Amino acid sequence: SDAESKITSDTSAKYYLVNDVDTIHTYTNKDAHVTVCLNGHSIVGSKGFTCLGSYAGSVTIADCKGTGVVEYGLDVGKYTTDTFNSTYHRPVMILEGGIYRKWTRVNVGATLIMNGGHLEGTSAKYASLVSYGMVTINGGYITQTNGQPGVRIERKLGSFTMNGGVIDVPENNGIYNSAIARFYLYGGTIY
């Protein structure tokens, strides 16, 4: 599981994990779409930082077996809180399945669309989902177990739209929204 993978693609492609890996970073052409199926395997992130990152184009993360886990950190876009570096082509990540532990960060200029899966926040320092970019929740489940909110929306560049799904954070606020971020609630459940 100490394998580090880098997916670089100028065209659309599908990849299936055949064993556990340490990290995966995707760099695709801004017009390409890559699908990565966890296939029941784990991305373990043993180095203690982001173990699945998407930096250009669009990436769908699925799990055809239902037991795939991303253990430590999901990153969409290049980390910055002020301006967006256009060389990263405004990446889009679509979650269709899988379990994502620790935290998920959506950076400025990036988009996360969650149709399924479970963001299972276990970090005492971060919310399950921290967004400086755009997030749309259509389905799936977001929990947090260490006193942080389930979702933290930051800065005027951040927006959060909830059409479905569940945010379940019984010991804290489900959502923290900074004074200037945009929040739209059309459906779903927040506990």
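**Parallel sheets and the nonpolar core**

Strand β14 is joined to strand β17 (residues 141–144) by four bridges, and the two strands run parallel. Strands, like helices, are DSSP runs numbered from the N terminus, a strand (E) needing at least two residues and a helix (H or I) at least four; two strands pair if DSSP finds at least two bridges between them. The model is predicted, so that local features need pLDDT of at least 70 and side-chain atom pairs count only at pLDDT 80 or more, whereas totals for chains, interfaces and linings use all residues. Residues are numbered from 1 along each chain as its sequence is written, and side-chain values use heavy atoms, with hydrogens and water left out.

Within the pairing of β14 and β17, Glu120 has Thr143 of β17 as its bridge partner. Strand β14 is also joined by four bridges to strand β11 (residues 99–102), again in parallel, and here Lys102 is partnered by Gly121 of β14. In a regular strand the side chains alternate between the two faces of the sheet. In β14 (residues 118–121), His118 and Glu120 point one way, while Leu119 and Gly121 point the other way. These four residues are all buried, that is, under 20% relative accessible area with a 1.4 Å probe and protein chains only (exposed is over 50%, partly exposed in between).

On its other side, β17 is followed in the sheet order by β20. Three bridges join β17 to β20 (residues 166–168), which run parallel, and Tyr141 stands opposite Val166 of β20. The open sheet as a whole contains seven strands in the order β5-β8-β11-β14-β17-β20-β23, with parallel pairing. Its edge strands, β5 (42–43) and β23 (189–190), each pair on one side only.

A further open sheet is formed by eight strands in the order β2-β4-β7-β10-β13-β16-β19-β22, also with parallel pairing. Here the edge strands are β2 (13–16) and β22 (182–185), each of which pairs on one side only. Four bridges join β2 to β4 in parallel, and Ala13 stands opposite Val34 in β4.

The largest nonpolar core has 32 residues, and those with the most contacts inside it are Leu95, Leu129 and Phe160. Such a core is a set of buried Ala, Val, Leu, Ile, Met, Phe, Trp, Tyr and Cys residues joined through side-chain atoms within 4.5 Å. Among the strands that each supply at least two residues of this core are β4 (33–37), β10 (92–95) and β19 (159–162). Leu129 is in contact (heavy atoms within 4.5 Å) with residues including Leu112, Leu119, Ile142 and Phe160, not counting residues up to four places away in sequence.
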